[in-house]
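Work through the exercises below with the sequence and the 3D view open beside you. Try each task by yourself before reading its solution.

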Amino acid sequence: MSFSLNSWSFVFLFMTLTALEIIGKPSVAAVVYRPSPWALAHATFYGDETASETMGGACGYGNLFGNGYGIDTAALSTTLFNNGFACGTCYQIKCVKSPWCYSGVQFTTVTATNLCPPNWAKDTNNGGWCNPPRVHFDMSKPAFMKIAQWKAGIVPIMYRRVPCIRRGGLRFYFQGNGYWLLVYVMNVGGGGDIAKMWVKGSKTGWISMSHNWGASYQAFATLTGQSLSFKITSYTSKETIICWNVAPANWNVGLTYKSNVNFH
């Protein structure tokens with residue numbers, strides 16, 4: 001088989017354009033997070049049917065309704081919370097081996113938005129449900145009522161990590177001042193969690209941000225008057241994506257800025 005000069009030119013052009021297309025999209029997530037195996041734990045609930053007591057929380061997501069998390073949330077025991085690195089992770093939970101379980105309900109899906117702290121005044125098996133080393137979910141009442149009758153108080157469950165399905169890109173809520181930027185990262189898809197984060201001003205290189213607490217990261221740098229981009233590495237998949245020009249040069253604290261990329 002022979003190729004003419006025009007044929008080879010077409011092949012070269014196609015390969016070049018394909019390469020450019022791939023190179024030109026460094027911030028597109030390619031890794032897809034897969035569910036983990038099922039494991040045994042227990043679940044309780046806190047708050048009432050409105051889930052108003054779940055607002056805020058240790059992850060720093062604030063108004064869970066306004067920020068896209070809704071009422072299907074849970075506080076994790078210390079063992080699962082992992083010093084806040086588990087914020088934003090998603091779990092399927094099903095009630096098992098209890099007369100309080102709803103029959104015919106396969107599972108419900110929740111997002112980790114809070115910490116269920118230890119209660120050292122109570123025994124681990126009698127009220128100290130979130131004491132280490134227990135794996136425990138303190139669910140919002142509406143989420144708990146999807147798998148069991150609320151009168152049960154506590155039920156045995158099976159759970160597994162699953163991909164977080166989010167609409168749109170990552171969201172960044174700014175706090176701090178002219179010399180200290182504190183960023184809460186929300187609406188994280190895929191594994192839902194974050195391991196590392198960097199910020200880049202339009203006049204700087206990449207600046208490493210330190211983990212503050214929950215889903216927040218901080219940078220001690222003067223970034224006012226610069227448009228800001230962020231680079232984020234997933235805690236679970238180790239994948240890194242870049243969110244270019246998330247905030248304009250006139251950005252301000254107290255506002256949320258949206259990107260157009262996410263994990264999957």
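A disulfide is counted wherever two cysteine sulfur atoms lie within 2.5 Å. The model used in these exercises is a predicted one.

**Exercise 1. Find how far apart the sulfur atoms of Cys116 and Cys130 are, and determine the handedness of their link.**

Solution. Begin with the distance: the sulfur atoms of Cys116 and Cys130 are 1.9 Å apart, and the two residues form a disulfide. Next, turn to the torsion about the S-S bond, which is about 90°, so this disulfide is right-handed. Then place the two residues along the chain: because Cys116 belongs to strand β4 while Cys130 sits in the loop between β4 and β5 (136-140), the pair ties together parts that are 14 residues apart in sequence. Finally, check the accessibility, for which buried means under 20% relative accessible area; Cys116 is buried, and Cys130 is buried as well.

**Exercise 2. Describe the disulfides of Cys95 with Cys101 and of Cys90 with Cys164, and state the pairing of the bonded cysteines in sequence order.**

Solution. Take Cys95 and Cys101 to start with, whose sulfur atoms are 2.0 Å apart in a disulfide. The torsion about their S-S bond is about -70°, so the link of Cys95 and Cys101 is left-handed, and both of these cysteines are buried.

Continue with Cys90 and Cys164, which form a disulfide with their sulfur atoms 2.1 Å apart. Here the angle about the S-S bond is 120°, and the link of Cys90 and Cys164 is right-handed. Since Cys90 lies in strand β3 (residues 90-95) and Cys164 in the loop between β6 (155-162) and β7 (171-177), the pair ties together parts that are 74 residues apart in sequence. Both Cys90 and Cys164 are buried.

To finish, consider the whole set: the structure holds four disulfides, and when the bonded cysteines of the protein chain are numbered in sequence order, they pair as 1-2, 3-8, 4-5, 6-7.

**Exercise 3. Give the order of the strands in the closed barrel, and name the bridge partner of Ala74 in β4.**

Solution. Follow the barrel from strand to strand: its six strands run β1-β5-β2-β4-β3-β6, and the pairing is mixed. On average, neighbouring strands of this sheet are turned by 50° against each other, direction ignored. Now look at one neighbouring pair, strand β2 (residues 73-77) and strand β4 (residues 108-116), which run parallel and are joined by five bridges. Within this pair, Ala74 has Ala112 as its bridge partner in β4.

**Exercise 4. Work out which element gives the most to the lining of the largest pocket, and compare how the linings of the largest pocket and the largest cavity divide.**

Solution. Start with the space itself, which is about 190 Å³ in the largest pocket. Its lining includes Tyr69, Asp72, Cys90, Thr109, Val110 and Thr111, and β4 gives the most, with three residues. Sorted by character, the lining of the largest pocket has seven nonpolar, two polar and two charged residues.

Then move to the enclosed spaces, for the structure holds two cavities of 30 Å³ or more, and the largest cavity has a volume of about 70 Å³. Of the 13 residues lining the largest cavity, Cys87, Asp193, Ile194, Gly214 and Ala215 are the closest to its centre. The lining of the largest cavity divides into eight nonpolar, four polar and one charged.

Key. Residues are numbered from 1 along each chain as its sequence is written. This is a predicted model: local features need pLDDT of at least 70, side-chain atom pairs count only at pLDDT 80 or more; totals for chains, interfaces and linings use all residues. Side-chain values use heavy atoms; hydrogens and water are left out. Two strands pair if DSSP finds at least two bridges between them. Helices (H or I, at least four residues) and strands (E, at least two) are DSSP runs, numbered from the N terminus. Axes are lines fitted to C-alpha atoms, for helices over the stretch in contact, and angles run from 0 to 180 degrees between N-to-C directions. Buried means under 20% relative accessible area, exposed over 50%, partly exposed in between (1.4 Å probe, protein chains only). On a 1 Å grid over the protein atoms alone, a cavity is a set of points where a 1.4 Å probe fits but cannot get out, and a pocket is an open set with protein on both sides within 12 Å along at least five of seven lines; lining residues have an atom within 4 Å of a point. Grid points are joined across faces, edges and corners, and a volume is the space filled by probe spheres set on the points. Ala, Val, Leu, Ile, Met, Phe, Trp, Tyr, Cys and Pro count as nonpolar, Asp, Glu, Lys and Arg as charged, and the others, Gly among them, as polar.
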